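Colleague: Could you take a close look at one part of this model for me, the place where the chains meet, and then work inward from there?

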Amino acid sequence: MTITFELHGALARLFGRDEISLTLPPDTTLEAALGQLAEGAPDAWPILERCACALEDRLVFRSQLLEDGMRLALLPPVAGG
Amino acid sequence: MTDACPRVREVPLQIEPLLAIEPHPDCGALGLFAGTVRNHHGHRPVLRLRYSAYRPLAERLIREIEAETRARFGIPYCRVEHRVGLLEIGELAILCVTRAPHRAEAFEACRHAVDEVKHRVPIWKEEFYADGTSRFVEGCCIRPDLPRERAHAGVRT
């Protein structure tokens with residue numbers, strides 16, 4: 001299956017793009033998908049660990065099972081105001 | 001203006017339209033906080049900022065914070081708007097308006113709503129410096145599966 005992460009804030013700068021797609025086996029959790037994302041970019045792990053993840057307007061846990069075609073937003077620590 | 005009005009805006013924020021929303025004859029206090037772009041971060045001069053947001057969640061959370069603030073302080077009105085895009089020094093970045101029967105609740109509710117938006121809403125601030133570099137400001141982790149004290153460790157807001 002394929003899922004897409006939208007990259008926001010400092011994460012987009014770190015990866016040099018706004019989104020990234022991963023091919024994953026069925027029943028992969030968000031935690032495992034993030035692990036795969038970090039394999040190609042070990043420098044990104046400290047910030048990935050501090051990222052929240054959203055499906056549309058809801059935050060999801062690391063235990064979330066992913067489904068083919070999902071689009072998830074990775075949200076680094078926030079600094080509005 | 002209705003609740004359908006966006007809380008995250010690409011156009012310059014305006015104070016006056018927010019003051020005109022909904023008459024509240026029972027309220028003797030109107031609290032207003034306006035956050036503007038500062039020309040420095042510590043000792044480092046800042047030329048401008050860029051705010052960006054993840055809108056689907058930002059819009060929902062700002063409305064939730066408004067509702068929580070109204071309930072917590074027992075006030076009838078709270079509205080927050082946040083700007084995104086490239087902002088010059090002095091431009092309005094965030095507005096919060098509260099209305100309350102008395103000034104104490106209006107001040108406290110305003111402060112509470114702004115603090116919550118800074119700590120919980122997916123908005124990011126990139127500072128641009130005179131040497132041509134830029135940096136994203138360190139912020140608050142909003143992972144739902146981390147305790148808040150760990151998520152906020154070492155964060156200055």
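Modeller: Start with the side chain of B:Arg143, which reaches across to the backbone oxygen of A:Glu49 at 2.8 Å. Bear in mind that this is a predicted model. In chain B, B:Arg143 sits in the loop that runs between β9 (134-136) and α4 (148-151). Its contacts on chain A, leaving out anything up to four places away in sequence, are A:Glu49, A:Arg50, A:Cys51, A:Ala52 and A:Arg62. B:Arg143 counts as buried because its relative accessible area is 14%, under the 20% cut-off.

For the pairing of the chains, the predictor gives the complex an ipTM of 0.96 and a pTM of 0.93.

Now inward. The largest nonpolar core has 35 residues, and among those with the most contacts inside it are A:Leu75, B:Tyr51, B:Val80 and B:Cys96. Chain A supplies two or more residues from each of β3 (52-55) and β5 (71-75). On the chain B side, the elements doing so are β4 (44-53), α2 (55-73), β5 (77-83), β7 (92-100), α3 (103-120) and β8 (123-129). The biggest giver is α2(B), with 5 residues. A second core, separate from that one, has 25 residues and includes A:Ala41, A:Ala44, A:Leu48 and A:Cys53.

B:Tyr51 is worth a click too. Not counting residues up to four places away in sequence, B:Tyr51 touches A:Ala79, A:Gly80 and A:Gly81 in chain A. Its chain B contacts include B:His82, B:Arg83, B:Leu87 and B:Trp124.

You may wonder about the cysteines. Searching the whole structure turns up 0 disulfides over all chains. B:Cys78 is in none, and its nearest cysteine sulfur, that of B:Cys96, is 4.4 Å away. B:Cys96 is likewise in no disulfide, with the sulfur of B:Cys110 nearest at 3.7 Å; a pair would have to be within 2.5 Å to count. B:Cys78 is classed as buried because its relative accessible area is 3%, and for B:Cys96 the figure is 0%, so that residue is buried as well.

How far can you lean on chain B? Its pLDDT averages 92, and 92% of the residues score at least 70. The stretch to treat separately is residues 153-157 of chain B, where the pLDDT is below 50. Beyond near neighbours in sequence, that stretch has 6 contacts in the model.

Conventions: Residues numbered from 1 in each chain as written. Chains lettered and ligands numbered in written order. Predicted model: local features only at pLDDT ≥ 70, side-chain atom pairs only at ≥ 80, totals over all residues. Heavy atoms only, no water. Helix = DSSP H or I, 4+ residues; strand = E, 2+ residues; numbered from the N terminus. Buried < 20%, exposed > 50% of the residue type's maximum accessible area, 1.4 Å probe, protein only. Polar contact = N/O pair within 3.5 Å; in protein donor to acceptor, adjacent residues only side chain to side chain. Contact = heavy atoms within 4.5 Å. Core = buried A, V, L, I, M, F, W, Y, C linked by side-chain atoms within 4.5 Å. pLDDT = per-residue confidence, 0-100.
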